[in-house]
Amino acid sequence: MLQAYLLLAAAMFAIGLFGVLTRRNAVGILLGLELMLNAVNINLVAFARFGAGVGGWVLTLFTIAITVTEVAVGLAIVIVIFRVRRTVDADHLHLLRG
Amino acid sequence: MTAEALGLGGLAVVMLGASLGVVLARNLFHSVLWLALALVGTAGLFVLLHADFLAAVQVLLYAGGVVTIVVFAIMLTERLVGQSLRQTNRGVLAGAIAAGAVFVGVAGTILRTRPPSETGPALTTAALGTAVLTEWVLAFEVLGILLVAALLGALYLARTEE
């Protein structure tokens, strides 16, 4: 049964990775990142249920909190980029490219 | 056990469908709505895994907080009408190959190992609270500092120039 949970999480992680790799919009990339982090949480909770103890729950709680801060900072950066460059298309943001 | 398998199967269909909606929807707004569905599905999965408290946290923070923030960001950076809300994918084939390779690698490892089949001792929310404030208290305090620093930083970045 544990394997079914892990496979579901792996599939969700892969879909999120696909979104991160292919999305052009910076907000779309952040949404893919959300999916990947969410898949990790499924793994942690599944491990906690199948004998790893309460540590899996604690780590899930921490991951959720860190994800919220990541989204807040990431979206603040997106808003600043939009204000300066008038675009959030990741392909057009190559100011730091050498 | 069969009820758990049924619930897992149904939730898996909903969550994977919603995940595909997140990465494939043309309209950015629809992507966020699909994400909300995927996150609520995950909360259902947590209930299935007897993690009731985490399911509540998931709904409150993820499906409530994160989705709200993202919707705000979209409204600040896109015009709600017109072409700007449309988004496209690039390098779909390469992305699919890379994501598929990662999935095959991880799934292969999962299927080759022998994970425990019995569930461990039942965990309670009280045990979670005790663990957070004893064994994990240092990480918990650092997390508090991180939250304050990140939210102040976000506020500083997004402030209007005046």
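Modeller: Contact here means heavy atoms within 4.5 Å. This is a predicted model, with pLDDT of at least 70 needed for local features and 80 or more for side-chain atom pairs, while totals for chains, interfaces and linings use all residues. Residues are numbered from 1 along each chain as its sequence is written, chains are lettered from A, and side-chain values use heavy atoms, without hydrogens and water.

Biologist: What share of the contacts in chain B with a separation of 6 or more is between residues 24 or more positions apart?

Modeller: 57%.

Biologist: How many helices and strands in chain B?

Modeller: Six helices and zero strands. The pattern along the sequence is α-α-α-α-α-α. Helices (H or I, at least four residues) and strands (E, at least two) are DSSP runs, numbered from the N terminus.

Biologist: And what radius of gyration does chain B have?

Modeller: 20 Å, where a compact globule of 162 residues would have one near 15 Å. The radius is taken over C-alpha atoms, and the globule rule is 2.2 Å times the number of residues to the power 0.38. The C-alpha trace of chain B spans about 55 × 40 × 25 Å along its principal axes.

Biologist: Switching to the interface. How many residues does each of chain A and chain B put into the contact?

Modeller: Chain A gives 66 residues and chain B gives 83. About 6900 Å² is buried between them, 78% of it from carbon and sulfur atoms. Buried area is the accessible area (1.4 Å probe) that two parts lose on being put together, summed over both.

Biologist: Which three residues of chain A supply more of its buried area than any other three?

Modeller: Arg23(A), Arg49(A) and Trp57(A), with 13% of the area that chain A buries against chain B.
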